[in-house]
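Let's take a walk through this structure together, starting with the whole and then moving to single helix pairs and residues. Keep the 3D view open as you read.

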Amino acid sequence: MDGVGGLEGWRWIFILEGILTVVVAVIAFFTIYDFPETAKFLTEPERAWVVHRLRYQGSKDSGQMVAESEHFKWRYVREAFTDWQIYLGLWMYWGIVCPLYGTSLFLPSIIRELGYTSSTAQLLTVPIYITAAILAVAVAWFSDRSGQRSPYIFSCMCAIGVGFIICISASAHGGVPGVVYAGIFIAVCGIYPAFPGNVTWISNNLAGSYKRSAGMAIHIGLGNLAGAMASNFYRTSDSPKYILGHSLELAFLAVGLCAVVGLRWNYQRINRKRDQVPLGEFSDLENSEKGDRAPTYRYVL
């Protein structure tokens, strides 16, 4: 479309993408439901089942079913700002999102620097993202079926590490662009399944609804600062090897892996401690207001 309407081709890319975004947003406003209670495509029993599962998901393994609080209190917002798991989870988030932003922003440039033309470099990103999308859905399905998050997040992050180690080794050796491409392929296939798992895991372990909302805003908001960091990892002066950029991604990943281990260890420790608390020590109302700090609440591992 270069020259159509007197505009360069790259301008049309942004125009068409912008139009599609606006159209989808308008359709989504009328088709996406805000809450299970208002979902018309569900039957009345299905709505009741979904609502019950969401409200009692944290206490279902404790022997005392307690509904999550649905009432707003500023205390829940303060608790979100002081919750240890959000800040430890932030390092896990950065360990995934720094590589995500780095590869998303610079993948075509990296491939082009390996000797491919600009158009070929763009096309070579397609198989990577298609495979990553399929893996993201598959990993999410298995994670939900097993009821665990950390094993899948950890495994995917290990795949990211393997990918970047291959990139660093092949770049340092030189003359093997196919191996660098393979490393990036593996890294991206680990990034995209790990990211939704990371967000979901923290969300699963925050209760009730207002603390979860505030906590996820903090987690995602601060986590996306990774974009500001990753955008400076791949400097033009480091092309075509980009060893510094790959190394920084690997460093953030290593810290993120430590955060995953730390989160799971603490969740297990707290769950075991709560198993020893006699049922009925607190009323259902007290446990509901305590949220994920209630002795009836069990963290998802």
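A good place to begin is the overall balance of inside and outside: of the 301 residues of the protein, 41% count as buried. Please keep in mind that this is a predicted model. The protein exposes about 16100 Å², and carbon and sulfur atoms supply 67% of that surface. As for secondary structure, you will find 11 helices and 0 strands. Read from the N terminus on, the order of elements is therefore α-α-α-α-α-α-α-α-α-α-α. How do the contacts spread along the sequence? Among contacts with a separation of 6 or more, 73% join residues that are 24 or more positions apart.

Now let's turn to how particular helices pack, with α6 as our starting point. Helix α6 covers residues 150–173, and one of its partners is α7, which spans residues 177–204. The axes of α6 and α7 come within 7 Å and cross at roughly 155°. Because an angle over 145 degrees counts as roughly antiparallel, α6 is roughly antiparallel to α7. The crossing of this pair is left-handed. If you colour the residues of the contact between α6 and α7 by class, you will see 19 nonpolar and 7 polar ones, with no charged residues.

Helix α6 also packs against α10, the helix of residues 243–275. Here the axes are 9 Å apart, and the angle is about 160°. That angle makes α6 roughly antiparallel to α10. Helix α6 passes α10 in a left-handed crossing. By class, the contact of α6 with α10 holds 17 nonpolar, 6 polar and 2 charged residues.

From α7 we can move on along the chain to α8, which is made up of residues 209–223. The axes of α7 and α8 come within 10 Å and cross at roughly 145°. In this pair, α7 passes α8 in a right-handed crossing. Which residues meet here? On the α7 side they are Asn 198, Val 199, Ile 202 and Ser 203, and on the α8 side they are Arg 212, Met 216, His 219 and Ile 220. Sorted by class, this contact has 4 nonpolar, 3 polar and 1 charged residues.

With the helix pairs in view, a few single residues are worth a visit. Staying in α8, look for Ala 217. Is Ala 217 buried or exposed? Its relative accessibility is 52%, so Ala 217 counts as exposed, the cut-off being over 50%. Ala 217 and Ala 80 are 137 residues apart along the chain, while their C-alpha atoms are separated by 9.5 Å.

Next, go to helix α5, residues 118–146, where Thr 131 has its place. At 28% relative accessibility, Thr 131 counts as partly exposed, because that class lies between the cut-offs for buried, under 20%, and exposed, over 50%. Beyond its neighbours within four places in sequence, Thr 131 is in contact with Phe 185 and Cys 189. The C-alpha atoms of Thr 131 and Phe 185 are separated by 8.8 Å, and the two residues are 54 residues apart along the chain.

Our last two stops are both in α10. Gly 245 is found in this helix, and since its relative accessibility is 0%, Gly 245 counts as buried. Setting aside neighbours within four places in sequence, what does Gly 245 touch? Its contacts are Phe 233 and Tyr 234. Gly 245 and Ala 230 are 15 residues apart in sequence, and 8.2 Å separates them in space, C-alpha to C-alpha.

Arg 274 also lies in helix α10. With a relative accessible area of 10%, Arg 274 is buried, because buried means under 20%. Which residues does Arg 274 touch, not counting those up to four places away in sequence? They are Asp 292, Arg 293, Ala 294, Pro 295, Tyr 297, Arg 298 and Tyr 299. Select Arg 274 together with these partners, and you can view the contacts for yourself.

Methods
Residues numbered from 1 in each chain as written. Predicted model: local features only at pLDDT ≥ 70, side-chain atom pairs only at ≥ 80, totals over all residues. Heavy atoms only, no water. Axes fitted to C-alpha atoms, helices over the stretch in contact; angles between N-to-C directions. Helix = DSSP H or I, 4+ residues; strand = E, 2+ residues; numbered from the N terminus. Left-handed = near helix turned anticlockwise from the far one by under 90°. Contact = heavy atoms within 4.5 Å. Nonpolar A, V, L, I, M, F, W, Y, C, P; charged D, E, K, R; others polar. Buried < 20%, exposed > 50% of the residue type's maximum accessible area, 1.4 Å probe, protein only. Areas by Shrake-Rupley, 256 points an atom, 1.4 Å probe, with all protein chains shown as cover. Parallel < 35°, antiparallel > 145°, perpendicular 65-115°, else oblique.
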